[in-house]
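Colleague: I'd like to learn how to read charged side chains in a protein model. Could you walk me through it?

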Amino acid sequence: MKVLHVDRNHPLIIEQFNAMGFVNDEDYVSTKKAIEEKIGDYDGLIIRSRFTIDASFLDKAKHLKFIGRLGAGLENIDTRYAKSLGIFLAAAPEGNRNAVGEHALGMLLSLLNKLNKADAEVRNGKWDREGNRGVELEGKVVGIVGYGNMGKSFAKKLKGFDVEEVICYDIIGGVEDENARQVGIMELHQRTDVLSLHVPQTDATIGMVNTEFLSKFHNDIWIINTARGKCINTADLVGALKSGKVLGAGLDVLEYEKSSFENMFAGKGLPEAFEYLTHAENVILSPHVAGWTVESKIKLAQTVVDKIKNKFVA
């Protein structure tokens, strides 16, 4: 098989493809249009997030047998059309689920203990113990929306913190396990103290966290989002932060991001809601790195290799 790599990944993916007899070509700089012009020569494509694989692109990929995406989801691929063409799709949520679970927990503990605020103050000579009094995770109800690889990893990390309970909400039934009990949306709203999002980006999840959604929670809540930025309406979140309905937010992803952070806000002023987040002491931001660890880079590549090997190599 002849494979085109359009994003840089861990070298093991090319090394192991070579060992399987695949021919590997690398092109990390050409435009999407230029890639489209030659994709018809390839059996496989390896990508992260450099551009969208839409129907027009797939129509030119006459011999494409698989697409491997080194990431948790496939939202930058027209999956329905790709599957209709018989193209095998390999994502790698197993590869970075542990990293996401750890990052979500780190954000939560930092929020509850005001670590970003306290750190900044001490560095500037301010010693305010009372103003940085923390809140304990013990006794809280943690609600997880989306209980797949990432949600399960986060729930597992919560064991040992003596939370009152971990509950999960998912559109798929029967996903609960020993670490979380599956509930309906009403119980999620009634009992949650900490809300963590672990959903893919779909038509149903875009903008799902908005003023109406947040107003239904009986308790004031903390929010962690290591899923997809567009799942939260940022302006509505800011309104809830100002009112105190949301006590704090840890955001690894943002509504405004494009296909990569490198191009974010290019040539534009910052959106007003994001400007507020950058100055809020009860908000922690990170640049979509929850699943981006030294270890996950290896795991992501190995997961994609294994799935393609199991499918195409006897």
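Modeller: Sure! Start with the basic term: a salt bridge is a side-chain nitrogen of Lys or Arg within 4 Å of a carboxyl oxygen of Asp or Glu. Keep in mind that this is a predicted model. Here Glu164, Glu165, Arg181, Glu187 and Arg191 are linked in a network of such bridges.

Colleague: How many salt bridges does a search of the whole structure find?

Modeller: The search turns up 16 salt bridges.

Colleague: Let's pick one from that network. How far apart are Arg191 and Glu187 in helix H8?

Modeller: First the general idea: an α-helix has 3.6 residues a turn, so residues three or four places apart point the same way. Now the case: Arg191 and Glu187 are four residues apart in H8, which means about one helical turn separates them. Their side chains meet in a salt bridge, at 3.5 Å from N to O. Arg191 is partly exposed at 22% relative accessibility, and Glu187 is partly exposed too, at 23%.

Colleague: Which side chains meet in a salt bridge in helix H6?

Modeller: Those of Arg123 and Asp119, at 2.7 Å from N to O. Both residues sit in H6, four residues apart, or about one turn. Arg123 is exposed, with a relative accessible area of 66%, while Asp119 is partly exposed at 37%.

Colleague: And which residues of H6 are buried?

Modeller: In H6, which runs over residues 115–123, the buried ones are Lys117, Ala118 and Glu121. They are on the same side of H6, because they cover an arc of only 95° around the axis. After the helix comes Gly125, whose phi is positive, near 80°.

Colleague: What about a bridge outside a helix: where are Arg228 and Glu75?

Modeller: Their side chains meet in a salt bridge at 2.6 Å, N to O. This pair links distant parts of the chain, 153 residues apart. Arg228 is in the loop between strand E10 and helix H10, and Glu75 is in the loop between strand E4 and helix H4.

Colleague: Is Arg228 buried or exposed?

Modeller: The cut-off for buried is under 20% relative accessible area. Arg228 has 13%, so Arg228 counts as buried. Its partner Glu75 is partly exposed, at 34%.

Colleague: Last one: which residues form a positive surface patch?

Modeller: Patch residues need over 30% relative accessible area and no salt bridge. Arg97, Lys156, Lys159 and Lys299 form this one. Lys299 lies in helix H12 and is partly exposed, with a relative accessible area of 37%.

Key:
Residues are numbered from 1 along each chain as its sequence is written. This is a predicted model: local features need pLDDT of at least 70, side-chain atom pairs count only at pLDDT 80 or more; totals for chains, interfaces and linings use all residues. Side-chain values use heavy atoms; hydrogens and water are left out. Patches are made of residues with over 30% relative accessible area and no salt bridge: like charges are joined within 9 Å, nonpolar side chains (Val, Leu, Ile, Met, Phe, Trp, Tyr) within 5 Å. Accessible areas come from the Shrake-Rupley method with a 1.4 Å probe; for residues, only the protein chains shown count as cover. Lys and Arg count as positive and Asp and Glu as negative; His and the chain ends are not counted. The place of a charge is taken as NZ of Lys, CZ of Arg, CG of Asp or CD of Glu. Helices (H or I, at least four residues) and strands (E, at least two) are DSSP runs, numbered from the N terminus. Buried means under 20% relative accessible area, exposed over 50%, partly exposed in between (1.4 Å probe, protein chains only). The arc is that of the directions from the helix axis to the C-beta atoms.
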